[in-house]
Amino acid sequence: MKLGHENWKVFERSDRPGGLAASVVDPAGFTWDHGGHVVFSHYGEFDKLLEEVMGDDVYAHERSSYIRFRDRWVPYPFQNNLRYLPPEQAYECLLGLIEAPGGDTNMDFAQWMEATFGGGITHHFMRPYNFKVWATPPERMSSQWIGERVSVIDYRRALRSFVFQEDDVAWGPNNLFVFPAAGGTGEIYRRVAMRLGERVEYERSVVRVDTETKTLHFADGSDESYDHLLSTMPLDVLVRLLVHCPDHVRAAAEDLEHNGVYMVGIGYETPLKDDKSWMYFPEDSAPFYRATNFAKYSAANVPDADTATYSSYMTETSYSRYKQEDVDDLGDRVEEGLRATGVVEGRPEVVSMHVVDIPYAYPVPTLGRDDALQTIQTWLMDHDIYSRGRFGAWRYEIGNMDHSVKMGVDAARSIVNKTPEEIWTT
Ligand SMILES: Cc1cc2nc3c(=O)[nH]c(=O)nc-3n(C[C@H](O)[C@H](O)[C@H](O)COP(=O)(O)OP(=O)(O)OC[C@H]3O[C@@H](n4cnc5c(N)ncnc54)[C@H](O)[C@@H]3O)c2cc1C
């Protein structure tokens, strides 16, 4: 619209905006996101959008993040704060780090962890934690996505923080983040969508894409024609919906792997503990890999913004064909896990237990991913289809909200002005 192009529409399957970044209010009045979302940005376009729609209606936070290890909390990143471990494990981790030859991104993820961090850190944290997140054996994954997603520490720095007993907690792009003052992360996209008015059509589920006639067919039997299509549905689903598609493109889409996540939110009648923002759980003492102290982000995430009475923990538990999860008793196991790991003290009353199934949560960077993407995306681009966003591009390393917004802006510029895209490439 800002480029002066008027002839466009958004078709959204659901009845509301936001996709994976939407928020819900449960019947007890607790707000939940689809897993822990924090807003941080690498791009001016995203900053500008946030400023335009949210203005001052956000809170700024400094990350306070920890890993649960046995009976204690280790500040994040684990590998930077080994002084918090019991002496035996600290020694094992430090020695492994000193002796580690160093990883390179041609290795698979399992080899990369071992070569980068050595046996101790890999065994005590990296391997168990990453399996809990990705629900995929690390031998199936590449290590090309790592970039700024994992803190790669020099052993000298680890040794220094150990010997001088100094915390090393500032690493990473999300050590400062903002969060909407009310409405959860989804408030950002509700406001964006409000500005677009009737341009966004809800409950319009695309069921077939005909690239020869350039027509979208919808579940309600209607259709729409297009010149260029920008698609954010999962890439493997898009390929399945194509009416005409060569076999090699269909076969490549079968190679794409993803996990799912159950977001289990537990609302307690106990005051907010204003200490940690989020916590990681590599061990079996809890089913989830992460828990977010959600009322700390904004009091409005609990009923009546009453954090003297209520607190809320948003947890994420992954699943896949390699890691089955029984959802029937997951709520109870999550609640037990929160108490067993000391996140919640005593036995406060549970006033809400809200479960959201997110079947497409993390696009897994498998070893065959990039070849598959090259095949699929080249064909789609030849047919004027831009598949972008977290699952449209299927690249975890550019799968956050700021990346997704930037990919959308770039695709619009490419379609309207033929300007080359800046972050997405085949
Ligand atoms: C557990 C988790 C934690 C995350 N944490 C963070 C974080 O801390 N910070 C961050 O910046 N990002 C985070 N993200 C990523 C963030 O959610 C995504 O970057 C963002 O939502 C991607 O937006 P998108 O538009 O690409 O796709 P999506 O949000 O997936 O939206 C795709 C849309 O397409 C619609 N759709 C699908 N199929 C059809 C169809 N057939 N017809 C019509 N419409 C259809 C869907 O309903 C959906 O609304 C996280 C994601 C997850 C899952």
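In which sense do S5 and strand S14 pair, and over how many bridges? I looked this up before anything else. S5 and S14, residues 278-280, pair in the parallel sense over three bridges. I noted that Ser65 stands opposite Trp278 in S14. The model is predicted, and I read every entry below with that in mind.

**Entry: the other neighbour of S5**

I turned to strand S6, residues 72-75. S6 runs antiparallel to S5, and four bridges join the two. Phe69 stands opposite Arg72 in S6. I then checked the turn. The hairpin of S5 and S6 has two residues between the strands, and Arg70 takes a positive phi there, near 55°.

**Entry: burial of S5**

Is strand S5 enclosed or open to the outside? I went through residues 65-69. Five of the five are buried, so S5 is largely enclosed by the rest of the structure. I also looked at the faces separately. In a regular strand the side chains alternate between the two faces of the sheet. On one side of S5 I found Ser65, Ile67 and Phe69, and on the other Tyr66 and Arg68. These residues are all buried, and both faces are covered.

**Entry: the sheet that holds S5**

I traced the strand order next. Seven strands form an open sheet in the order S6-S5-S14-S15-S16-S13-S17, and the pairing is mixed. S6 and S17 are the edge strands, each pairing on one side only. Neighbouring strands of this sheet are turned by 25° against each other on average, direction ignored.

I followed the sheet to its S17 edge. Strand S13, residues 258-269, runs antiparallel to S17, with 11 bridges joining them. Which residue of S17 is the bridge partner of Asn259? I found Tyr362 as the partner of Asn259.

**Entry: the three-stranded sheet**

Strands S9, S10 and S11 form an open sheet in the order S9-S10-S11, with antiparallel pairing. S9 and strand S11 (223-225) stand at the edges, each with a single partner strand, so one side of each is left without a neighbour in the sheet. I noted an average turn of 20° between neighbouring strands of this sheet, direction ignored.

I took the two pairings in turn. S9 covers residues 206-210 and S10 covers residues 215-218; four bridges link them in the antiparallel sense. Val209 stands opposite Leu216 in S10. Their hairpin has four residues between the strands, and Lys214 takes a positive phi near 50° in it. On the other side, three bridges join S10 to S11, also antiparallel. Ser225 in S11 is the bridge partner of Thr215.

**Entry: a helix pair**

I looked up how helices H2 and H4 are arranged. Two packed helices are described by the angle between their axes and the distance between the axes. The axes of H2 (residues 87-99) and H4 (residues 155-163) come within 9 Å and cross at roughly 150°. That makes H2 roughly antiparallel to H4. I recorded the crossing of H2 and H4 as left-handed.

**Entry: backbone exceptions**

Most residues other than glycine have a negative phi, and most peptide bonds are trans. I listed some departures.

The peptide bond from Tyr76 to Pro77 is cis, with omega near -5°. Pro77 sits in the loop between S6 and H2.

Asp304 is not a glycine, yet has a positive phi of about 55°. I placed Asp304 in the loop between helix H8 (294-297) and strand S16 (311-319). Is Asp304 buried or exposed? I counted 10 other C-beta atoms within 10 Å, so Asp304 is exposed.

Ala305 also has a positive phi, near 50°. Ala305 is found in the loop between H8 and S16. With 15 C-beta neighbours inside 10 Å, Ala305 counts as partly exposed.

**Entry: around the ligand**

Which of the 29 residues around the ligand come nearest? I got Gly19, Gly35, Met233, Gly389 and Asn400. I then sorted the shell by residue type: 11 nonpolar, 13 polar and five charged. Strand S17 (349-363), helix H11 (390-394) and helix H12 (401-417) each supply at least two residues of the shell. S17 thus turned up in two of my look-ups: S17 is an edge strand of the seven-stranded sheet, and S17 supplies residues to the shell around the ligand.

Terms used:
Residues are numbered from 1 along each chain as its sequence is written. This is a predicted model: local features need pLDDT of at least 70, side-chain atom pairs count only at pLDDT 80 or more; totals for chains, interfaces and linings use all residues. A residue is near a molecule or strand if its C-beta atom, placed from the backbone, lies within 6 Å of it. Ala, Val, Leu, Ile, Met, Phe, Trp, Tyr, Cys and Pro count as nonpolar, Asp, Glu, Lys and Arg as charged, and the others, Gly among them, as polar. A residue is buried if 20 or more other C-beta atoms lie within 10 Å of its own, exposed if 12 or fewer, and partly exposed in between; C-beta atoms are placed from the backbone. Two strands pair if DSSP finds at least two bridges between them. Axes are lines fitted to C-alpha atoms, for helices over the stretch in contact, and angles run from 0 to 180 degrees between N-to-C directions. Angles under 35 degrees count as roughly parallel, over 145 as roughly antiparallel, 65 to 115 as roughly perpendicular and the rest as oblique. A crossing is left-handed if the near helix is turned anticlockwise from the far one by less than a right angle, and right-handed if clockwise.
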